[in-house]
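Here is a short set of exercises to work through with a viewer open. Try each task yourself before you read the solution.

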Amino acid sequence: MKRKKAPTPDLETLIPILIGIWRRYRKEAGPPDRLQTREFRSVVEAIKALQAGFHEGHSLDGQDYFANPELLGAYLLYQWVIHYQEGLSLIGELPITPKRVLDVCSGPAPFAFAALRHGAQEVFATDRNDTALTLGAEVCGRYGLPIVIRKWNCLKERIPIQGKFDLIIAAYCLQDLFPTHQIDKQSAFLQDLLSKLTPEGYLLIVDPSFPEANTNILKLRDALVFQGVPVQAPCVWRGECVALKSNNHCYAQREMDKPHLIKELQRAAEINLSSLKMSYVIFRNPSAGWPQLPPRIMHRVISPPIESFYGKRFYLCGTEGKKNLGCTVEPTPKEARAFDFLRRGELISLENVVEKQNHLDIVEGSKLIVEAALGKPLPEVDS
């Protein structure tokens with residue numbers, strides 16, 4: 001199925017739905033569009049506990065924290081909104097609209113909901129926690145989208161769903177399922193998921209952007225690429241990860257819609273997060289091979305603009321490895337004007353630039369084309 005126009009987050013509709021579901025879950029009455037002071041304070045404390053458990057000592061790794069009603073409720077009102085927006089952006093990078101989707105360790109199903117918003121026809125959300133799945137199903141139902149939920153402990157039980165999938169999602173679960181140093185076990189788990197893909201199917205893995213989780217994702221990327229698994233995004237470089245090789249990090253950063261409730265929760269919980277930040281890889285079915293790109297040198301922008309003595313520069317990772325890009329003339333040449341507006345994560349091609357070792361400089365006559373904007377598919381050609 002060809003890619004449709006990307007949906008908007010529609011948080012104005014979703015926030016009252018989430019608040020209403022949260023209230024029914026807690027069996028409390030209150031206004032439909034906002035939290036009361038006592039409620040707000042309790043949610044903020046639970047958000048702080050979640051943040052500490054995820055980022056400080058990893059005390060929640062391996063735990064069924066959705067079994068705690070306070071933490072599950074806080075996730076629904078805060079992390080759900082963020083993870084849903086991440087899912088919307090990342091699924092938009094697929095070249096097709098997936099018809100049949102499996103969301104592993106789905107919790108309240110923010111990524112499954114994002115797949116439905118993208119037009120998926122049959123979405124299965126699985127998790128070991130029935131209550132979290134039920135809340136996710138209620139979100140989908142009240143928005144008017146159908147979803148199938150199945151309780152499944154993916155480490156102890158066989159999958160309760162038959163057939164192949166166009167997209168399998170494993171988001172924010174690898175640290176829960178396996179310690180980060182168990183790359184072999186994580187890789188074997190992902191290989192099992194890859195075996196459940198249709199011939200043109202995709203596997204999306206997502207984890208936090210902080211250093212330890214990001215390094216783990218990059219190691220997994222290298223392990224699977226070494227085993228012959230092709231990458232759809234973000235990598236167009238087919239060799240060993242250059243960020244990992246140089247002890248650097250490589251994560252995605254996207255714009256985030258922040259309705260009033262999210263702004264107030266962040267302020268009260270002292271969370272400084274102005275954009276979506278996540279580590280991710282989209283793998284293809286191993287039989288599909290790497291994406292066939294136009295016969296041009298492609299580069300993924302992997303940094304925000306960095307000010308240097310020579311002006312603004314960007315780090316790139318592409319079909320020829322890691323480079324950095326700047327502009328030596330002012331104003332920027334007309335056909336390279338996109339340089340002034342580049343964003344981390346965009347895929348670009350360059351013509352007539354000056355190259356000195358790994359430095360690329362835009363000069364008069366240079367051309368810069370944005371081949372794939374944020375959240376958009378690669379410009380693949382027919383093989």
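The exercises below concern a predicted model, and each one comes with a worked solution.

**Exercise 1. Salt bridges across the chain**

Find out which elements the salt bridge between Glu138 and Arg24 links, and classify both residues as buried, partly exposed or exposed.

*Solution.*
- Step 1: Begin with the contact. The side chains of Glu138 and Arg24 come together in a salt bridge, with 3.0 Å from N to O.
- Step 2: Locate the partners. Glu138 sits in helix α6 (residues 130-143) and Arg24 in helix α1 (residues 11-26), so this pair, 114 residues apart, links distant parts of the chain.
- Step 3: Check the accessibility. Glu138 has a relative accessible area of 23% and is partly exposed; Arg24, at 40%, is partly exposed too.
- Step 4: Place the pair in context. The structure contains 18 salt bridges, and a network of them links Arg26, Glu28, Arg38 and Glu70.

**Exercise 2. Two more pairs**

Work out whether the partners in the salt bridges Arg221 with Asp222 and Glu355 with Lys323 are buried or partly exposed.

*Solution.*
- Step 1: Take Arg221 and Asp222, whose closest N and O atoms are 2.8 Å apart.
- Step 2: Apply the cut-off, since buried means under 20% relative accessible area. Arg221 has 2% and is buried; Asp222 has 16% and is buried as well.
- Step 3: Turn to Glu355 and Lys323, whose side chains form a salt bridge of 2.9 Å, N to O. Glu355 belongs to strand β14 (residues 354-356) and Lys323 to strand β12 (residues 321-327), so the salt bridge ties together parts 32 residues apart in sequence.
- Step 4: Classify this pair. Glu355 is partly exposed at 43%, whereas Lys323 is buried at 8%.

**Exercise 3. An enclosed helix**

Decide how many residues of helix α5 are buried, and look at what follows the helix.

*Solution.*
- Step 1: Go along residues 110-117. The buried residues of α5 are Pro110, Phe111, Ala112, Phe113, Ala114, Ala115, Leu116 and Arg117.
- Step 2: Draw the conclusion. Eight of the eight residues are buried, so helix α5 is largely enclosed by the rest of the structure.
- Step 3: Move on to the backbone. Just after α5, Gly119 adopts a positive phi of about 105°.

**Exercise 4. Cysteines without a bond**

Explain why Cys317 is not bonded to Cys250, and check the sulfur of Cys154 in the same way.

*Solution.*
- Step 1: Recall the cut-off: the two cysteine sulfur atoms of a disulfide lie within 2.5 Å.
- Step 2: Apply it to Cys317. Its closest cysteine sulfur, in Cys250, is 6.5 Å away, which is too far for a bond. Cys317 itself is buried, at 15%.
- Step 3: Search the whole structure, and zero disulfides turn up. Cys154 is in none, the nearest cysteine sulfur being that of Cys105 at 3.9 Å. Cys154 is also buried, with a relative accessible area of 13%.

**Exercise 5. A strand covered on both faces**

Determine which residues of strand β9 lie on each face, and which strands are joined to β9.

*Solution.*
- Step 1: Sort residues 298-301 by side. Met298 and Arg300 are on one side, His299 and Val301 on the other, and all are buried, leaving both faces covered.
- Step 2: Follow the bridges to strand β13 (residues 347-351). There are three, the strands run antiparallel, and Met298 stands opposite Ser349.
- Step 3: Repeat for strand β11 (residues 311-318). Three bridges join this strand to β9, again antiparallel, with Leu316 as the bridge partner of Val301.

Terms used:
Residues are numbered from 1 along each chain as its sequence is written. This is a predicted model: local features need pLDDT of at least 70, side-chain atom pairs count only at pLDDT 80 or more; totals for chains, interfaces and linings use all residues. Side-chain values use heavy atoms; hydrogens and water are left out. A salt bridge is a side-chain nitrogen of Lys or Arg within 4 Å of a carboxyl oxygen of Asp or Glu. Helices (H or I, at least four residues) and strands (E, at least two) are DSSP runs, numbered from the N terminus. Buried means under 20% relative accessible area, exposed over 50%, partly exposed in between (1.4 Å probe, protein chains only). Two strands pair if DSSP finds at least two bridges between them.
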